[in-house]
Amino acid sequence: MKLVDKSDRRLTVNTESLDECRHLAEIIARSIQTPMCIALVGTLGAGKTQWTRYFAAALGANPKEVCSPTFVLLQEYSSKPPIFHLDAYRVGDEEEMLELGIEELFERDAVTIIEWADRFLNVLPPSYLMIEIEMTPYEYSRTVHIAAKGNGDVVQWKGIVAAIEERSG
(Lines give C-alpha, C1' and ligand atoms only; values in the text may rest on other atoms or scores of the structure.)
Protein backbone atom coordinates (compact mmCIF):
# COMPACT_ATOMS: atom_id res chain seq x y z
CA MET A 1 0.00 0.00 0.00
CA LYS A 2 1.42 3.33 -1.04
CA LEU A 3 0.18 6.84 -0.32
CA VAL A 4 0.62 8.66 -3.64
CA ASP A 5 -1.17 11.97 -3.12
CA LYS A 6 -2.41 14.00 -0.18
CA SER A 7 -4.23 17.30 0.10
CA ASP A 8 -6.18 18.97 2.89
CA ARG A 9 -9.24 16.67 2.78
CA ARG A 10 -8.35 14.08 0.16
CA LEU A 11 -5.73 11.39 -0.32
CA THR A 12 -4.96 8.76 -2.89
CA VAL A 13 -3.58 5.32 -2.09
CA ASN A 14 -2.43 2.58 -4.45
CA THR A 15 -3.02 -1.01 -3.37
CA GLU A 16 -1.29 -3.81 -5.25
CA SER A 17 -3.07 -6.85 -3.79
CA LEU A 18 -6.15 -8.03 -1.92
CA ASP A 19 -4.03 -8.06 1.26
CA GLU A 20 -3.22 -4.38 0.79
CA CYS A 21 -6.89 -3.60 0.14
CA ARG A 22 -7.79 -5.48 3.34
CA HIS A 23 -5.11 -3.59 5.24
CA LEU A 24 -6.46 -0.23 4.03
CA ALA A 25 -10.02 -1.16 5.05
CA GLU A 26 -8.76 -2.28 8.48
CA ILE A 27 -6.89 1.00 9.00
CA ILE A 28 -10.00 3.02 8.21
CA ALA A 29 -12.20 0.75 10.37
CA ARG A 30 -9.92 1.30 13.37
CA SER A 31 -9.86 5.07 12.79
CA ILE A 32 -13.56 5.90 12.52
CA GLN A 33 -15.98 7.27 15.08
CA THR A 34 -19.73 6.82 14.90
CA PRO A 35 -22.08 7.82 13.55
CA MET A 36 -20.21 7.48 10.26
CA CYS A 37 -21.38 7.33 6.67
CA ILE A 38 -19.05 5.89 4.06
CA ALA A 39 -19.98 6.56 0.43
CA LEU A 40 -18.41 3.89 -1.81
CA VAL A 41 -17.99 4.69 -5.48
CA GLY A 42 -16.57 2.60 -8.32
CA THR A 43 -17.50 0.72 -11.45
CA LEU A 44 -18.90 -2.81 -11.45
CA GLY A 45 -16.17 -5.15 -10.25
CA ALA A 46 -14.02 -2.41 -8.71
CA GLY A 47 -14.20 -4.05 -5.29
CA LYS A 48 -16.78 -2.08 -3.30
CA THR A 49 -18.35 -5.16 -1.71
CA GLN A 50 -14.95 -6.77 -1.11
CA TRP A 51 -13.75 -3.59 0.61
CA THR A 52 -16.92 -3.65 2.76
CA ARG A 53 -16.24 -7.29 3.64
CA TYR A 54 -12.74 -6.40 4.88
CA PHE A 55 -14.03 -3.34 6.75
CA ALA A 56 -16.81 -5.32 8.44
CA ALA A 57 -14.44 -8.13 9.44
CA ALA A 58 -12.14 -5.56 11.07
CA LEU A 59 -15.08 -4.50 13.26
CA GLY A 60 -15.94 -8.09 14.22
CA ALA A 61 -18.58 -9.05 11.64
CA ASN A 62 -18.51 -12.45 10.00
CA PRO A 63 -17.01 -11.72 6.54
CA LYS A 64 -18.99 -14.64 5.05
CA GLU A 65 -22.22 -12.74 5.81
CA VAL A 66 -21.13 -9.68 3.83
CA CYS A 67 -22.51 -9.80 0.32
CA SER A 68 -23.67 -7.29 -2.22
CA PRO A 69 -27.09 -6.04 -1.10
CA THR A 70 -28.11 -5.31 -4.70
CA PHE A 71 -31.42 -7.17 -4.52
CA VAL A 72 -32.09 -6.82 -0.79
CA LEU A 73 -30.91 -3.16 -0.81
CA LEU A 74 -30.02 -3.12 2.91
CA GLN A 75 -28.05 -5.52 5.09
CA GLU A 76 -27.17 -5.16 8.77
CA TYR A 77 -24.04 -6.81 10.16
CA SER A 78 -23.40 -7.68 13.79
CA SER A 79 -20.23 -5.84 14.58
CA LYS A 80 -19.02 -3.20 17.01
CA PRO A 81 -20.24 -0.72 16.00
CA PRO A 82 -23.07 -2.16 13.86
CA ILE A 83 -22.81 -1.73 10.10
CA PHE A 84 -25.68 -0.94 7.74
CA HIS A 85 -24.74 -1.80 4.15
CA LEU A 86 -26.84 -0.34 1.33
CA ASP A 87 -26.58 -0.70 -2.41
CA ALA A 88 -28.04 2.19 -4.39
CA TYR A 89 -27.48 0.55 -7.79
CA ARG A 90 -31.13 -0.51 -8.22
CA VAL A 91 -32.71 2.37 -6.29
CA GLY A 92 -34.80 4.43 -8.69
CA ASP A 93 -34.67 7.92 -7.21
CA GLU A 94 -34.02 9.99 -4.09
CA GLU A 95 -37.55 9.42 -2.78
CA GLU A 96 -37.07 5.64 -2.91
CA MET A 97 -33.68 6.04 -1.18
CA LEU A 98 -35.31 8.05 1.61
CA GLU A 99 -38.08 5.43 1.95
CA LEU A 100 -35.38 2.95 2.99
CA GLY A 101 -35.05 4.99 6.20
CA ILE A 102 -31.56 6.15 5.37
CA GLU A 103 -31.83 9.38 7.35
CA GLU A 104 -32.54 7.42 10.54
CA LEU A 105 -29.50 5.22 9.90
CA PHE A 106 -27.24 8.28 9.74
CA GLU A 107 -28.25 9.18 13.31
CA ARG A 108 -27.53 5.75 14.82
CA ASP A 109 -24.36 4.82 16.67
CA ALA A 110 -23.30 2.81 13.65
CA VAL A 111 -21.49 2.87 10.33
CA THR A 112 -23.61 3.22 7.20
CA ILE A 113 -21.86 2.08 4.02
CA ILE A 114 -23.54 2.95 0.73
CA GLU A 115 -22.36 1.41 -2.53
CA TRP A 116 -23.07 3.54 -5.62
CA ALA A 117 -23.52 6.53 -3.30
CA ASP A 118 -22.59 8.96 -6.08
CA ARG A 119 -26.09 8.41 -7.51
CA PHE A 120 -27.67 10.06 -4.44
CA LEU A 121 -25.25 12.61 -3.02
CA ASN A 122 -28.16 14.89 -2.04
CA VAL A 123 -29.47 12.41 0.54
CA LEU A 124 -26.13 11.86 2.30
CA PRO A 125 -25.56 13.40 5.74
CA PRO A 126 -23.81 16.78 6.09
CA SER A 127 -20.45 15.04 6.49
CA TYR A 128 -19.26 11.66 5.27
CA LEU A 129 -16.24 9.77 4.01
CA MET A 130 -16.12 9.25 0.22
CA ILE A 131 -14.08 6.26 -0.96
CA GLU A 132 -13.69 5.88 -4.70
CA ILE A 133 -12.13 2.63 -5.90
CA GLU A 134 -10.62 2.65 -9.39
CA MET A 135 -9.60 -0.46 -11.26
CA THR A 136 -6.13 -0.55 -12.83
CA PRO A 137 -4.79 -2.74 -15.64
CA TYR A 138 -3.53 -5.23 -13.03
CA GLU A 139 -5.99 -7.79 -11.60
CA TYR A 140 -5.86 -6.97 -7.88
CA SER A 141 -4.35 -3.51 -8.03
CA ARG A 142 -6.56 -0.50 -7.24
CA THR A 143 -6.25 3.24 -6.89
CA VAL A 144 -8.31 4.39 -3.92
CA HIS A 145 -9.31 8.03 -3.44
CA ILE A 146 -10.44 8.87 0.09
CA ALA A 147 -12.00 12.23 0.89
CA ALA A 148 -13.68 13.96 3.82
CA LYS A 149 -16.84 15.56 2.48
CA GLY A 150 -18.99 18.29 3.98
CA ASN A 151 -18.33 19.77 7.37
CA GLY A 152 -16.83 16.55 8.70
CA ASP A 153 -14.92 16.15 11.92
CA VAL A 154 -11.41 17.34 11.06
CA VAL A 155 -9.94 15.43 14.01
CA GLN A 156 -11.42 12.17 12.72
CA TRP A 157 -10.11 12.90 9.22
CA LYS A 158 -6.67 13.70 10.60
CA GLY A 159 -6.72 10.39 12.49
CA ILE A 160 -7.54 8.47 9.32
CA VAL A 161 -4.80 10.27 7.37
CA ALA A 162 -2.24 9.75 10.15
CA ALA A 163 -3.03 6.02 10.36
CA ILE A 164 -2.69 5.59 6.59
CA GLU A 165 0.55 7.59 6.47
CA GLU A 166 2.00 5.54 9.32
CA ARG A 167 1.29 2.23 7.55
CA SER A 168 1.96 3.29 3.98
CA GLY A 169 5.03 1.86 2.30
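Here is a friendly back-and-forth about helix α1 and a few other spots in this predicted model.

Me: How do you know that the span of helix α1 agrees with what its length should give?

Reply: At 1.5 Å a residue, the 14 residues of α1 (residues 18-31) should span 20 Å, and the end C-alpha atoms are 20 Å apart, so the two agree.

Me: What makes the contact between D19 and R22 a salt bridge?

Reply: The cut-off is 4 Å between side-chain nitrogen and carboxyl oxygen. D19 and R22 come to 3.4 Å, N to O, so the pair qualifies. They sit three residues apart in α1, about one helical turn.

Me: Which residues are linked with them in a network of salt bridges?

Reply: The network links D19, R22, E26 and R30. R22 meets E26 at 3.0 Å, and R30 meets E26 at 3.6 Å. Each of these pairs is four residues apart in the helix: R22 and E26, and likewise R30 and E26.

Me: Why is E26 called buried, while R30 is called exposed?

Reply: Buried means under 20% relative accessible area and exposed means over 50%. E26 has 17%, so it counts as buried; R30 has 55%, so it counts as exposed.

Me: And why is R22 called partly exposed?

Reply: Its relative accessibility is 29%, which lies between those two limits, so the middle label applies.

Me: What makes E94 eligible for the negative surface patch?

Reply: A patch residue needs over 30% relative accessible area and no salt bridge. E94, in helix α3, has 33%, so it passes the area cut-off. The patch is formed by D93, E94, E95, E96 and E99.

Key. Residues numbered from 1 in each chain as written. Predicted model: local features only at pLDDT ≥ 70, side-chain atom pairs only at ≥ 80, totals over all residues. Heavy atoms only, no water. Helix = DSSP H or I, 4+ residues; strand = E, 2+ residues; numbered from the N terminus. Expected span 1.5 Å × (residues − 1). Patch = residues over 30% accessible without salt bridge, like charges linked within 9 Å, V, L, I, M, F, W, Y side chains within 5 Å. Areas by Shrake-Rupley, 256 points an atom, 1.4 Å probe, with all protein chains shown as cover. Lys, Arg positive; Asp, Glu negative; His and termini not counted. Charge placed at Lys NZ, Arg CZ, Asp CG, Glu CD. Buried < 20%, exposed > 50% of the residue type's maximum accessible area, 1.4 Å probe, protein only.
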